[in-house]
Amino acid sequence: MVTSEAVERYIRPLDSYEEFFWLQEINRSIFPVVAAEIDGPTTIEQWIGAVAKVHQHYPLLSASVRKVAAIPPFLVTNRSSAPSIRVVEFVEGLSLADAMETEFRTSFGDGSGALMRVSLYHRSDKVLFLLAIHHCIADGKTALMIFQDILGLVVGEDLEDRSEE
């Protein structure tokens with residue numbers, strides 16, 4: 001039976017495509033990662049602020065998966081949840097491929113936690129930025145659009161202006 005807490009936060013059941021990827025992700029990491037190496041001065045605060053704004057803008061970025069006996073898995077939302085952001089000091093010699101390999105080793109598990117996460121390898125003049133997102137809430141194209149929104153906010157664009165593109 002679905003608890004009253006889950007009903008209040010209920011979004012919708014997973015469709016068959018999402019459920020397939022949800023089941024696969026429990027055993028192995030198969031999710032899109034959008035990544036970029038960015039030269040130029042930025043601050044950690046700019047990145048965290050941009051991720052937070054995008055996280056609030058798209059409701060599914062606050063979603064998790066729940067599974068209750070006898071019903072298909074479904075999405076729930078927790079608007080009070082903060083985005084998962086890992087900030088690491090960028091060290092010389094670190095490649096984008098190395099950073100992506102680290103990201104792919106970190107599974108979303110059963111989907112009961114955050115379904116989007118950001119890894120930021122930062123120094124004052126260079127950033128490796130990685131956005132990992134579970135297939136339950138976004139496909140690769142949508143992940144790229146979210147990534148573009150974050151980058152736009154970092155360089156000073158307004159999110160509402162970007163929505164009109």
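Phe-74 is buried in this predicted model, with a relative accessibility of just 3%. Its ring partner is Tyr-10, and here the surroundings shift a bit: Tyr-10 is partly exposed, at 39% relative accessible area. In all, the count comes to 7 aromatic pairs. The centres of the Tyr-10 and Phe-74 rings sit 5.5 Å apart and the planes meet at 40°, so this one goes down as tilted. That angle is neither under 30 degrees, as stacking would need, nor over 60, as edge-to-face would. In sequence terms the contact bridges distant parts of the chain, since Tyr-10 belongs to strand β1 (residues 10-13) and Phe-74 to strand β4 (residues 74-77), 64 residues apart.

A second tilted pair brings together Phe-129 and Phe-147, with 5.3 Å from centre to centre and 45° between the planes. This pair, too, links distant parts of the chain, this time a strand and a helix: Phe-129 lies in strand β7 (residues 126-133) and Phe-147 in helix α5 (residues 140-154), with their positions 18 residues apart. As for solvent, Phe-129 is buried at 0% relative accessibility, and Phe-147 is buried as well, at 5%.

Elsewhere, the rings do not just come in twos. Tyr-17, Phe-20 and Phe-21 are joined by ring pairs into a cluster. There is also a charge over a ring to report: Arg-117 lies over the face of Phe-108, at 4.2 Å from the ring centre.

Terms used:
Residues are numbered from 1 along each chain as its sequence is written. This is a predicted model: local features need pLDDT of at least 70, side-chain atom pairs count only at pLDDT 80 or more; totals for chains, interfaces and linings use all residues. Side-chain values use heavy atoms; hydrogens and water are left out. Rings of Phe, Tyr and Trp (its six-membered ring) pair if their centres lie within 6.5 Å; planes under 30 degrees apart count as stacked, over 60 as edge-to-face and the rest as tilted. Helices (H or I, at least four residues) and strands (E, at least two) are DSSP runs, numbered from the N terminus. Buried means under 20% relative accessible area, exposed over 50%, partly exposed in between (1.4 Å probe, protein chains only). A charge sits over a ring if NZ of Lys or CZ of Arg is within 6 Å of the ring centre and within 35 degrees of the ring normal.
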